[in-house]
Amino acid sequence: MNKKIQFQLSLMMFLEFFIWGGWFVTLGTFLSNNLEATGAQSAMAFSTQSWGAIIAPFIIGLIADRYFNAERILGVLHLIGAILMYFMYQSTDFGAFYPYVLGYMIAYMPTLALVNSISFNQMTDPGKQFSFVRVFGTIGWIVAGSVISFLAWDSTENIAQGMLKNTFLMVSAASAILGLFSFTLPKTPPKADKNEKASLSEISGLDALKLLKDKNFLLFFIASVLICIPLAFYYQNTSPFLTEIGVENSTFKMSFGQMSEVLFMLLLPFFFKRFGFKKTILAGMLAWTVRYLLFAYGNAGELVFMLIIGIALHGICYDFFFVSGQIYTDTKAGPKNKSAAQGLITLATYGVGMLIGFEIAGMISDKFLIAEGSHDWYSIWIYPAGFALAVAILFAIFFKDEKIAYKEQ
């Protein structure tokens, strides 16, 4: 892989995750403060991510893998996304906003797989080269949050004036740039035979269902779905929570989670080899419990450090559970089922698990609404803390430890 291609792929990753981090982080705050959405309506909006994750394998399997170059599909989807994002910018009520965000997520979620496919297609040694490209995605997310806070769109005064809607305009422009730039990326032609009929099970990753016959993998699969229920609380409620209790520059502070993700990604190989798969996964699960307890007892004053630590735990929460889980899944799947197995786990977590989680998070938020724009956040955060702890305890009791070799992803 030459330097020019590495630069192209790095810029692609930067824009891909700048786009996601540039609006999704502050979505909950925008919905509640500017569109006066209820907790249930916010859950509907966030659930579009899950619907996008459920539909994505069909778009990739039926279209990108069989008929068109991946970089062209990436370009078209981001150009469509730019238009939909502009319509979201213009929306003034939830009824008008929802169809656009649903359409946008159906277009965006497949691009997460496409950027990986384009990258891997150009790499001679993905294990060593991919991390140096993918890290620019994390940098893009951090920069997006920093821009929002630097321009003070997330300040209490500017939120009241509706300035958060500018995030959609910013992302619309970025999406248009990536859409056009995608057509200049290295060619990534379809690898599957378009004349060969693909079964529904192949496209969706359901071919890997036979892995569930393994009791240990079944327990891991169930735990993956369940742990995504408390995960949904973080995505849906953290920005409104920080804004409501008066934490300034909250979007930038939330990017500390992505900063820690880089650090713990580097520490993961050591932790994995030293403590093994089961303890690594448990550390990730317990980190969710600790994070939500810190949120429950912290505040914007003297105890603000508790909120910062809770955000910074994202590296352990995400890397130790999800990345370790991807490694475990890879080792359990046979050569023919590696992609199908990863697709199945993605469908179960970002699809089913978080879809349930967003629904529950919306119900809990509405239950503890004290007054207009005011919540009992202590009670809200105790629910996911307790749930994550229960999942961790059950996993610790019933999952039989296995020796799993760490391989760079």
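This dialogue goes through the fold, core, aromatic pairs and empty spaces of a predicted model.

Student: Where should I start, and how many helices and strands does the secondary structure come to?

Tutor: The protein has 16 helices and two strands. Its chain holds 409 residues, and 55% of them are buried. Among contacts with a separation of 6 or more, 84% join residues 24 or more positions apart.

Student: How do I read a nonpolar core, and which residues in the largest one touch the most other members?

Tutor: The general idea is that nonpolar side chains tend to be buried together in soluble globular proteins. Here the largest nonpolar core has 121 residues, and M12, W23, Y104 and M285 touch the most other members. Helix α10 gives the most to this core, with 14 residues.

Student: What is Y104 in contact with, leaving aside its neighbours within four places in sequence?

Tutor: Y104 is in contact with I19, W23, G81, L84, M85, M88 and V171. W23 is therefore on two lists: it is a contact of Y104, and it is named with Y104 among the core residues that touch the most other members.

Student: Is S50 buried or exposed?

Tutor: S50 counts as buried because its relative accessibility is 0%, and the cut-off for buried is under 20%. S50 sits in helix α3. Not counting residues up to four places away in sequence, S50 touches Y350, G351, M354, L355 and F358.

Student: How is a pair of aromatic rings described?

Tutor: Two values are used, the distance of the centres and the angle of the planes. In this model the count comes to 47 aromatic pairs. One of them is F220 with Y328, at 5.1 Å centre to centre and 75 degrees between the planes, an edge-to-face pair. The pair links distant parts of the chain, with F220 in helix α10 and Y328 in helix α14, 108 residues apart. Both F220 and Y328 are buried.

Student: How is empty space found, and how many cavities of 30 Å³ or more are there?

Tutor: A probe the size of a water molecule is rolled over the atoms, which shows where empty space is left. The search of the whole structure finds two cavities of 30 Å³ or more. The largest holds about 100 Å³ of space. Its lining is F24, V25, W141, Y234, Y235, M254, Q258 and H314. Six of these residues are nonpolar, two are polar and none is charged.

Student: What lines the second largest cavity?

Tutor: D154, S155, T156, T243, G246, V247 and E248 line that cavity, which holds about 30 Å³ of space. The lining has one nonpolar residue, four polar and two charged.

Student: What volume does the second largest pocket have, and which residues are closest to its centre?

Tutor: The volume of the second largest pocket is about 490 Å³. It is lined by 22 residues, and S32, A37, E244, G373 and H375 are the closest to its centre. The lining divides into five nonpolar, 13 polar and four charged residues.

Student: Which helices each supply at least two residues of that lining?

Tutor: They are α2, α3, α7, α10 and α15. The largest share, five residues, comes from α10. Helix α10 thus recurs here: it also gives the most to the largest nonpolar core, and it holds F220 of the aromatic pair.

Technical notes
Residues are numbered from 1 along each chain as its sequence is written. This is a predicted model: local features need pLDDT of at least 70, side-chain atom pairs count only at pLDDT 80 or more; totals for chains, interfaces and linings use all residues. Side-chain values use heavy atoms; hydrogens and water are left out. On a 1 Å grid over the protein atoms alone, a cavity is a set of points where a 1.4 Å probe fits but cannot get out, and a pocket is an open set with protein on both sides within 12 Å along at least five of seven lines; lining residues have an atom within 4 Å of a point. Grid points are joined across faces, edges and corners, and a volume is the space filled by probe spheres set on the points. Ala, Val, Leu, Ile, Met, Phe, Trp, Tyr, Cys and Pro count as nonpolar, Asp, Glu, Lys and Arg as charged, and the others, Gly among them, as polar. Helices (H or I, at least four residues) and strands (E, at least two) are DSSP runs, numbered from the N terminus. A nonpolar core is a set of buried Ala, Val, Leu, Ile, Met, Phe, Trp, Tyr and Cys residues joined through side-chain atoms within 4.5 Å. Buried means under 20% relative accessible area, exposed over 50%, partly exposed in between (1.4 Å probe, protein chains only). Contact means heavy atoms within 4.5 Å. Rings of Phe, Tyr and Trp (its six-membered ring) pair if their centres lie within 6.5 Å; planes under 30 degrees apart count as stacked, over 60 as edge-to-face and the rest as tilted.
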